[in-house]
Amino acid sequence: MAPSVPLLWVLLPGLAALEPLSVGLAIGVASALTGYLSHPRFYCSYVECCPRDGQRLNATALKAQLDSRLFGQHLAKDVVLKAVLGFSNNPSPKKPLMLSLHGWAGTGKNFLSQILAEHVHPAGLRSKFVHLFLATLHFPHHDQVKLYKEQLQNWIRGNVSACPSSVFIFDEMDKMHPGVIDAIKPFLDYYEEVDGVSYRKAIFIFLSNAGGDLINKAALDFWTSGKRREDIQLKDLEPLLSLGVFNNKNSGLWHSSIIDRNLIDYFVPFLPLEHRHVKMCVRAEMAARGYAVDEDIVQAVADEMTYFPKEQKIYSDKGCKTVQAKLDIHEDLVMGDTRARG
């Protein structure tokens, strides 16, 4: 207890003038105050803390977010929800959770990873426990692969040591130089610890356009045969996706030991979005901006998008990626309509 006494003299500079009984009382009060201020519940209400062991995700809230903000992706929502909740509820997972999200741009891969990050760490991408890597920004040079691998291992090791439930998101995997991502293979494997650090509570997420053509073809085949897109199951796409990405030199996972060792828990396909899904995105964006939803404007924005195949025009070739920019063009009309309704 000796080292704490000087602190108490600082907290209560008048201690020296007090009688022994008063000094004892003052020290007791100061000790209680110090204990209260340092209690995790109080401290973590002002400073971001790593979640405690046993802290579970709110399944109802996560499902509600996915249902209200992610459109046209029944497979991705179902697979990720079950995978994440199962992982969160497991007190002793054998390995980290590893998800690989695939599909064309604008289909919701980034969006889903952000929603997931926010439910693990409320600050989301602003959290010091959520780490986003962009292949073209963080690993741009093919002649520095060895350096990148060393840096990546050091970065992950340090951050998981600080917070076991860290989240790592690797975007633009299809632009990642082959071999770089294999640096994290030891952290994804079935090890209790690696050099004294356990990675079993961490979450790793890959985002990639690779495999998007395979997914689009499968979706179109279902449509051509008269089947509902909602009838597409993971088993219809995951084996095709895994093999396709493994053999794709431009996937970032070409002949990767991560796939070879079956360390990716789920290959999650994001289906191409139809006209009706684009309209859902427009409505959500209008609501997010505080605008009244005008169906004429919703229709106009959706119609301005380009669709494929050329003849049938079923799927948006940019998903919902340019909805915000398209809506900006209609800003005056939207604001005028909102004021009129107000």
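Biologist: Leaving aside neighbours within four places in sequence, which residues is His177 in contact with?

Modeller: This is a predicted model, so read each contact as part of a prediction. His177 is in contact with Phe139, Pro140, His141, His142 and Val145. His177 itself sits in the loop between S3 and helix H9 (185-188).

Biologist: Is His177 buried or exposed?

Modeller: Buried means under 20% relative accessible area. His177 has 19%, so His177 counts as buried. There is also a link in space to check. The C-alpha atoms of His177 and Trp254 are 9.3 Å apart, with their positions 77 residues apart along the chain.

Biologist: Step back to the whole chain. How many helices and strands does the protein chain have?

Modeller: The count is 16 helices and 7 strands. Of the 342 residues, 43% count as buried. The chain exposes about 18100 Å², and carbon and sulfur atoms supply 57% of that area.

Biologist: What share of the contacts joins residues at least 24 apart?

Modeller: Take contacts between residues at least 6 apart in sequence. Of these, 74% join residues at least 24 apart.

Biologist: What is the average pLDDT of the protein chain?

Modeller: The average is 89, and 85% of the residues score at least 70. Over residues 1-12 the pLDDT is below 50. Beyond near neighbours in sequence, that stretch has 9 contacts in the model.

Biologist: Now a single helix. What span should helix H6 have, and what is the distance between its end C-alpha atoms?

Modeller: Use 1.5 Å a residue. Helix H6 covers residues 109-120, which is 12 residues, so the expected span is 16 Å. The end C-alpha atoms are 17 Å apart, which agrees.

Biologist: Which residues of H6 are buried?

Modeller: Lys109, Leu112, Ser113, Ile115, Leu116, Ala117 and Val120 are buried. Their cover includes helices H4 (59-69) and H5 (74-89). It also includes strands S1 (97-102), S2 (130-134), S3 (167-171) and S4 (203-208).

Biologist: Which residues does His119 touch, not counting those up to four places away in sequence?

Modeller: His119 lies in helix H6. His119 touches Leu57, Asn58, Ala61, Leu62 and Gln65. The C-alpha atoms of His119 and Gln65 are separated by 9.7 Å, while the two residues are 54 apart along the chain.

Biologist: On to the rings. What describes a pair of aromatic rings?

Modeller: Two quantities do: the distance of the centres and the angle of the planes. Here the structure holds 8 aromatic pairs. One of them joins Trp104 and Phe308, with 5.0 Å centre to centre and 40 degrees between the planes, a tilted pair. This pair links distant parts of the chain, 204 residues apart. Trp104 is in the loop between S1 and H6, and Phe308 is in strand S6 (residues 307-308). At 27% relative accessibility, Trp104 is partly exposed. Phe308 is buried at 19%.

Biologist: Why is the pair of Phe170 and Phe206 called edge-to-face?

Modeller: Planes over 60 degrees apart count as edge-to-face. The planes of Phe170 and Phe206 stand at 80 degrees, with the ring centres 5.7 Å apart, so the pair fits that class. Phe170 lies in strand S3 and Phe206 in strand S4, so the pair ties together parts 36 residues apart in sequence. Phe170 is buried, with a relative accessible area of 0%. Phe206 is buried too, at 0%.

Biologist: Which residues form the aromatic cluster?

Modeller: Phe133, Phe139, Tyr148, Phe170 and Phe206 form one cluster. Phe139 is also in contact with His177.

Biologist: Where does Lys227 lie?

Modeller: Lys227 lies over the face of Phe222, at 5.0 Å from the ring centre.

Biologist: Last, the backbone. What do most peptide bonds and phi values look like?

Modeller: Most residues other than glycine have a negative phi, and most peptide bonds are trans. Now the exceptions here. The peptide bond from Phe308 to Pro309 is cis, with omega near -5 degrees. Pro309 is in the loop between S6 and strand S7 (315-316).

Biologist: What is the phi of His255, and what is that of Lys313?

Modeller: His255 has a positive phi near 50 degrees. His255 is in the loop between helix H11 (234-246) and helix H12 (257-260), and is partly exposed at 45%. Lys313 also has a positive phi, near 50 degrees. Lys313 is in the loop between S6 and S7, and is exposed at 51%.

Key
Residues numbered from 1 in each chain as written. Predicted model: local features only at pLDDT ≥ 70, side-chain atom pairs only at ≥ 80, totals over all residues. Heavy atoms only, no water. Helix = DSSP H or I, 4+ residues; strand = E, 2+ residues; numbered from the N terminus. Expected span 1.5 Å × (residues − 1). Buried < 20%, exposed > 50% of the residue type's maximum accessible area, 1.4 Å probe, protein only. Contact = heavy atoms within 4.5 Å. Phe/Tyr/Trp six-rings, centres within 6.5 Å; stacked < 30°, edge-to-face > 60°. Lys NZ or Arg CZ within 6 Å of the ring centre and 35° of its normal. Areas by Shrake-Rupley, 256 points an atom, 1.4 Å probe, with all protein chains shown as cover. pLDDT = per-residue confidence, 0-100.
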